[in-house]
Amino acid sequence: MTLFHRTDYSSKPTIIFNKRRLNMRSLANALEKIQTLAGAIAISIFLITVIIQIAARFLKVPVMWAQDVSVYSFIWAVFLGAAIAVNSHQHFAFDSVRDHLKGRWKTAHGILILALMLIFTLAMFDMASVKIS
């Protein structure tokens, strides 16, 4: 299968993508939009519950649930934002090291960063499972 296909030789060639690849990309884009919306909702819930906490303290009215809701919504917002950042390669990394590397070393550096993120994620899951049980 060719990448370029001309229907009319007077016009520019149009790119034909593999249908399966295009569907996976559109599915990934849709999931990222849903994830972004969920993160925005989580951060909004966080801000609203913090405002409720401030008002409740000012009025001296106990609101027992607001602390837990604000903490958990902030955690969800952070994790959803981190997932979006990793997907678009905007996560935290030391660029000064990467900029001086070339070829295979640059690829190895990228793999090392991804491996460290995986180890950190697995450690977080392990700590969460210990705390839950």
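Q: In this predicted model, how many residues does helix α2 have, and what does it reach from its first C-alpha to its last?
A: Let's start with the length of the helix. At 1.5 Å a residue, a span of 32 Å is expected for α2. The model comes close to that, since α2 has 22 residues and reaches 32 Å.

Q: Where do the buried residues of α2 fall when you look down its axis?
A: The buried residues of α2 are Ala66, Ser70, Ser73, Ala77, Leu80, Ile84 and Ala85. Seen down the axis, these buried residues fall within an arc of 140 degrees, so they line one face of the helix. A rule about helices helps here: an α-helix has 3.6 residues a turn, so residues three or four places apart point the same way. The place asked for is therefore one face of α2, within an arc of 140 degrees.

Q: Which exposed residues does the face of α2 turned away from its buried side carry?
A: Now turn the helix around in your viewer. Exposed means over 50% relative accessible area. On the face turned away from the buried side of α2, the exposed residues are Tyr72 and Trp76.

Q: Which element gives the largest share of the nonpolar patch?
A: The patch on the surface is formed by Val71, Tyr72, Ile75, Trp76, Phe79, Phe120, Met124 and Met127, with about 870 Å² of accessible area together. Two elements, α2 and α4 (104-132), give two or more residues to it. The largest share is five residues, and it comes from α2.

Q: Is phenylalanine 79 buried, partly exposed or exposed?
A: Phenylalanine 79 lies in helix α2. Its relative accessibility is 49%. Partly exposed covers values between 20% and 50%, so phenylalanine 79 counts as partly exposed.

Q: Why is the pair of phenylalanine 46 and phenylalanine 74 stacked, tilted or edge-to-face?
A: The count of aromatic pairs comes to one. The ring centres of phenylalanine 46 and phenylalanine 74 are 5.0 Å apart, and their planes are at 45 degrees. Planes under 30 degrees apart count as stacked and over 60 as edge-to-face, so at 45 degrees this pair is tilted.

Q: Which helices does this aromatic pair link?
A: Phenylalanine 46 and phenylalanine 74 are 28 residues apart, so to speak in distant parts of the chain. Phenylalanine 46 is partly exposed at 21% relative accessible area, and phenylalanine 74 is partly exposed at 39%. The helices linked are α1 (residues 19-59) and α2 (residues 66-87).

Q: What separates the C-alpha atoms of glycine 81 and alanine 38?
A: Glycine 81 lies in helix α2 and counts as partly exposed, at 36% relative accessibility. Along the chain, glycine 81 and alanine 38 are 43 residues apart. Their C-alpha atoms are separated by 9.6 Å.

Methods: Residues numbered from 1 in each chain as written. Predicted model: local features only at pLDDT ≥ 70, side-chain atom pairs only at ≥ 80, totals over all residues. Heavy atoms only, no water. Phe/Tyr/Trp six-rings, centres within 6.5 Å; stacked < 30°, edge-to-face > 60°. Helix = DSSP H or I, 4+ residues; strand = E, 2+ residues; numbered from the N terminus. Buried < 20%, exposed > 50% of the residue type's maximum accessible area, 1.4 Å probe, protein only. Patch = residues over 30% accessible without salt bridge, like charges linked within 9 Å, V, L, I, M, F, W, Y side chains within 5 Å. Areas by Shrake-Rupley, 256 points an atom, 1.4 Å probe, with all protein chains shown as cover. Salt bridge = Lys/Arg side-chain N within 4 Å of Asp/Glu carboxyl O. Expected span 1.5 Å × (residues − 1). Arc of directions from axis to C-beta.
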